[in-house]
Amino acid sequence: MSASAFPLLATGALRQAQGVVSLSHHAGRRRSLLLTAMATVAFVATVSAFVLFEERWPDGTVTMQLQLGTSGRLTDGSASWGESAESALAAWNQSISRVQFRVVRDSPAPRGDGNGVNNVFFSNDVYGMAFDTGVLAVTTDWVRRTTRIEADVIFNSAGTWDSYTGALRRGTQDFHRVALHEFGHVLGLDHPDEHGQTVTAIMNSRTSDLDHLADDDIAGAQALYPASGGGSTSGGAGTVSFPPRNESLDFRTQLDTKYRVGLGRRPAATYVDNEGDIVWTQEYLRYRVNRCTHQQAVDRVMSQIDGGAAMGVCGAAAAGQVQFPPRNEPLDFRNQLEVKYRDGLRRSTTSTSVDNEGAVVWTQEYLRYRVNGCGHAVAVQNVFVQIDGRAAPAVCR
Ligand SMILES: [Zn+2]
């Protein structure tokens, strides 16, 4: 259940959003219970960022029955609540492909809790239960085993609503950003700020001046519904392309934080800074998956470090899943890289919380996901799941 409460408490003159969410998981088909204050969170996967429920929709379309009634023209130009809601659904659709929202405008579908129809409407209660004080909207969650089968979104008609962009306006709720938030619950996202995370996100439990999906929201949706192929990499027969360096470097930076904060590792001296570590390890692996031997790959990278041009790869990878070398070989490369930076480039030391073996192993894992159909955010998440001691998620194709 995601009693996705998205409440508002009056605090003096300024009304400030404050979140309350509760989760209870039961076997079989069930509906969420609306609980306040106490968050009973079970089976919620907390990774480096966003938080996901375990349940998701099957691939395909999720049809939302928009039954929000009429409005005058709203401040952001929307002709109706329904139009604002459609815009919010379209924003989520742009971030994922495996599941897509569809809408029925001004739907006459019967409203019901547990009727298999996804109703979206205003009401002054939640199927007979009062809204908790200050709650703006609620998303229900019906699941069968781990598959979501119904989600109704109920906006509190007691609020004063408009649809607008920019900073929150005193006394008037922005329907659009609350809709973005609730539809995120429909997809299966939870509140990052209630799971120890400090991120910029629409999915945080409090409304804020943020009026659009943030990177963390999108990464969460993509983790729930990973692309089944494509992305910035190519696989199969032919030369294997690697991700752009800024993404690999972002991974390497997050890995350092994960080791330092998540695993409590102390920084240690290294001659190879994070950027050099990721760039040259990636380059070494690029040669390896494209048919170069260990020695050929080492020689080519060292030549590049000395200022030589990047050389051609040694052949085309076989069709199918891209294979990586045994871990002892990239580790040997990484140890040679350390010597190269110290003696060849005469670099002074910097520090990293990730030992050479961890750096090589997890960089290779990150790249393995990337060249096998996973996007950046999904690849990072899949690596961190493993660092947390869980089984390696499958690649994305
Ligand atoms: Zn919420």
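Q: What makes helix α2 roughly parallel or roughly antiparallel to β13?
A: In this predicted model, helix α2 (residues 175-187) lies across β13 and β16 (153-156) and runs at about 20° to β13. Angles under 35 degrees count as roughly parallel, so α2 is roughly parallel to β13.

Q: How do you know which strands are the edge strands of the five-stranded sheet?
A: The open sheet has the order β9-β8-β10-β16-β13, with mixed pairing. β9 (99-104) and β13 (137-139) each pair on one side only, and these are the edge strands. From one strand to the next, the twist averages 20°.

Q: How do you know that β8 and β10 pair?
A: Pairing needs at least two bridges, and four join β8 (residues 60-67) to β10 (residues 118-123), so the two strands pair. They run parallel. L66 stands opposite V120 in β10.

Q: What is the direction of helix α1 relative to β9, roughly parallel or roughly antiparallel?
A: Helix α1 (residues 81-95) packs on the sheet and touches β8, β9 and β10. Its direction makes about 165° with that of β9. Angles over 145 count as roughly antiparallel, so α1 is roughly antiparallel to β9.

Q: Why is α8 called oblique to α9?
A: Helix α8 (residues 356-371) and helix α9 (residues 376-387) pack at about 140°, with their axes 9 Å apart. Roughly antiparallel would need an angle over 145, and roughly perpendicular covers 65 to 115, so α8 is oblique to α9. The crossing is right-handed.

Q: Which residues of α8 and α9 meet?
A: Among them are W362, Y366 and R370 in α8, and V380, N382 and I387 in α9. The residues of this contact divide into eight nonpolar, two polar and two charged.

Note on methods:
Residues are numbered from 1 along each chain as its sequence is written. This is a predicted model: local features need pLDDT of at least 70, side-chain atom pairs count only at pLDDT 80 or more; totals for chains, interfaces and linings use all residues. Axes are lines fitted to C-alpha atoms, for helices over the stretch in contact, and angles run from 0 to 180 degrees between N-to-C directions. Two residues are in contact if their C-beta atoms, placed from the backbone, lie within 7 Å. A crossing is left-handed if the near helix is turned anticlockwise from the far one by less than a right angle, and right-handed if clockwise. Ala, Val, Leu, Ile, Met, Phe, Trp, Tyr, Cys and Pro count as nonpolar, Asp, Glu, Lys and Arg as charged, and the others, Gly among them, as polar.
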